[in-house]
Amino acid sequence: MKIFESIINHKMNTITAEELLKYADQFNIVINRSQARKIAEYLRGKNINIFDDAQRASLIKEIAKAAGPETAREVNKLFKELTT
């Protein structure tokens, strides 16, 4: 299971705005290009572990600042699906 976590965390820490837009569309999460860019810039190089509750909560707060609280809630739902 650790390899699965590593793959997901690596993708989260190296995601581009274009990839983020593609995934958002795939999972019916509404974000615009500017929001995707801000989120991707925040994630890049942070080595965030979305399987760690505290780190995930901090990340969701940052997403809420960049993309709004509704988008942050939707992303959090997706993270919960990925981590359970």
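**Exercise 1. Determine where Leu82 lies and whether Leu82 is buried or exposed.**

Step 1. Leu82 belongs to helix α5, residues 69–83. Helices are DSSP runs (H or I, at least four residues), numbered from the N terminus. The model is predicted: local features need pLDDT of at least 70, side-chain atom pairs count only at pLDDT 80 or more, and totals for chains, interfaces and linings use all residues. Residues are numbered from 1 along each chain as its sequence is written, and side-chain values use heavy atoms, with hydrogens and water left out.

Step 2. The relative accessible area of Leu82 is 30%, so Leu82 is partly exposed. Buried means under 20% relative accessible area, exposed over 50%, and partly exposed in between (1.4 Å probe, protein chains only).

Step 3. Not counting residues up to four places away in sequence, Leu82 touches Phe4, Ile8, Ile50 and Phe51; contact means heavy atoms within 4.5 Å. From C-alpha to C-alpha, Leu82 and Ile50 are 9.0 Å apart, although 32 residues separate them in sequence.

**Exercise 2. Describe how α4 and α5 are arranged.**

Step 1. The axes of helix α4 (residues 53–67) and α5 come within 7 Å and cross at roughly 150°. Axes are lines fitted to C-alpha atoms, for helices over the stretch in contact, and angles run from 0 to 180 degrees between N-to-C directions.

Step 2. The crossing angle therefore makes α4 roughly antiparallel to α5 (angles over 145 degrees count as roughly antiparallel).

Step 3. On the α4 side, the contact is made by Arg56, Leu59, Ile60, Ile63, Ala64 and Ala67; α5 contributes Pro69, Thr71, Ala72, Val75, Asn76, Phe79 and Thr83.

Step 4. By type, the residues of this contact comprise 9 nonpolar, 3 polar and 1 charged. Ala, Val, Leu, Ile, Met, Phe, Trp, Tyr, Cys and Pro count as nonpolar, Asp, Glu, Lys and Arg as charged, and the others, Gly among them, as polar.

**Exercise 3. Identify the residues with the most contacts inside the largest nonpolar core.**

Step 1. A nonpolar core is a set of buried Ala, Val, Leu, Ile, Met, Phe, Trp, Tyr and Cys residues joined through side-chain atoms within 4.5 Å.

Step 2. The largest such core has 24 residues, and those with the most contacts inside it are Ile31, Ile39, Leu43, Ile50, Leu59, Ile63 and Phe79.

Step 3. At least two residues of this core come from each of α1 (2–14), α2 (17–26), α3 (33–43), α4 and α5. Helix α4 supplies the largest share, 5 residues.

Step 4. Leaving aside neighbours within four places in sequence, Leu59 is in contact with Tyr42, Leu43, Ile48, Ile50 and Phe79.

How values were computed
Angles under 35 degrees count as roughly parallel, over 145 as roughly antiparallel, 65 to 115 as roughly perpendicular and the rest as oblique.
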